[in-house]
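Visitor: I would like to learn how to read a model of this kind feature by feature. Could you take me through one, giving the general idea and then the case at hand?

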Amino acid sequence: MRDAVVIGAGLAGLAATLRLARGGAKVTLVTKGLGGLQLSQGTIDVLGYSEARVEDPLGAISEHVSTRPTHPYTHFTPEFVGEAAAWLKEVLGPELLLGDPHTNVLLPTALGALRPTCLYQPS
């Protein structure tokens with residue numbers, strides 16, 4: 001018997017599976033095909049845009065969800081999101097993940113567009 005089933009092996013699915021397993025849960029990770037993880041930037045976006053580009057992702061969550069009652073962040077406090085980001089940074093270490101969930105930086109996508117993100121690879 002499993003305690004949890006995680007669907008999808010993207011960054012969120014892999015992180016959820018790891019956190020659950022480290023917490024003692026018996027987890028099954030389900031995915032179909034190769035997915036697009038290898039095409040991703042390897043960045044963690046908390047909140048890039050609301051009405052305009054967001055400078056402080058954690059600081060903007062409460063206001064953002066106040067006008068969007070169906071947004072997934074309505075289920076979490078900004079502090080919880082910050083703790084989750086800190087956990088991921090700790091797991092990966094500074095050689096793989098830098099940044100601060102209170103500060104977005106602009107990084108180019110594979111197509112050259114600038115995208116706000118708060119956690120990113122050192123390169």
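Visitor: Which residues have the most contacts inside the largest nonpolar core?

Guide: In soluble globular proteins, nonpolar side chains tend to be buried together. In this predicted model, the largest nonpolar core has 17 residues, and those with the most contacts inside it are V46, L47, I61, Y73, V81, L88 and L119. The elements that contribute two or more residues to this core are helix 2, spanning 57-66, and helix 3, spanning 78-92.

Visitor: With which residues is V81 in contact, leaving aside its neighbours within four places in sequence?

Guide: Once those neighbours are set aside, V81 is in contact with V46, L58, I61, Y73 and F76; of these, V46, I61 and Y73 also appear among the core residues with the most contacts.

Visitor: Is F80 buried, partly exposed or exposed?

Guide: The reading rests on relative accessibility, where buried means under 20% and exposed means over 50%. F80, which lies in helix 3, has a relative accessibility of 43% and therefore counts as partly exposed. Its C-alpha atom is separated by 9.7 Å from that of L58, a residue 22 positions away along the chain.

Visitor: How should I read T17, and where is its place?

Guide: T17 has its place in helix 1, which covers residues 11-22, and because its relative accessible area is 15%, T17 is buried. Not counting residues up to four places away in sequence, T17 touches V6, V27 and L29. By contrast with those contacts, the C-alpha atoms of T17 and I44, which are 27 residues apart along the chain, are separated by 17 Å.

Visitor: Which side chains of strand 1 point to one face, and which to the other?

Guide: A strand can be read by following its side chains in turn. Along strand 1, residues 4-7, they alternate: A4 and V6 point to one face and are buried, whereas V5 and I7 point to the other and are not buried.

Visitor: In what sense, parallel or antiparallel, do strand 1 and strand 2 pair?

Guide: Strand 1 and strand 2, the latter made of residues 27-30, pair in the parallel sense over 4 bridges, and within this pairing I7 stands opposite V30 in strand 2.

Visitor: How many residues lie between strand 4 and strand 5 in their hairpin?

Guide: There are 5 residues between them, and G112 in the turn has a positive phi of about 95 degrees. Strand 4, residues 105-108, and strand 5, residues 114-117, pair in the antiparallel sense over 4 bridges, with L106 standing opposite P116 in strand 5.

Visitor: What can be said of the protein chain as a whole, beginning with how many helices and strands there are?

Guide: The protein chain has 3 helices and 6 strands, and from the N terminus on its elements run β-α-β-α-α-β-β-β-β. Its C-alpha trace spans about 45 × 35 × 25 Å along the principal axes, and buried residues make up 28% of its 123 residues. Of the contacts with a separation of 6 or more, 46% come from residues 24 or more positions apart. The chain exposes about 8,100 Å², of which carbon and sulfur atoms supply 60%.

Visitor: How far apart are the mean positions of the positive and negative charges?

Guide: For the 9 positive and 11 negative charges of the protein chain, the mean positions are 12 Å apart.

Conventions
Residues are numbered from 1 along each chain as its sequence is written. This is a predicted model: local features need pLDDT of at least 70, side-chain atom pairs count only at pLDDT 80 or more; totals for chains, interfaces and linings use all residues. Side-chain values use heavy atoms; hydrogens and water are left out. Two strands pair if DSSP finds at least two bridges between them. A nonpolar core is a set of buried Ala, Val, Leu, Ile, Met, Phe, Trp, Tyr and Cys residues joined through side-chain atoms within 4.5 Å. Buried means under 20% relative accessible area, exposed over 50%, partly exposed in between (1.4 Å probe, protein chains only). Contact means heavy atoms within 4.5 Å. Accessible areas come from the Shrake-Rupley method with a 1.4 Å probe; for residues, only the protein chains shown count as cover. Lys and Arg count as positive and Asp and Glu as negative; His and the chain ends are not counted. The place of a charge is taken as NZ of Lys, CZ of Arg, CG of Asp or CD of Glu.
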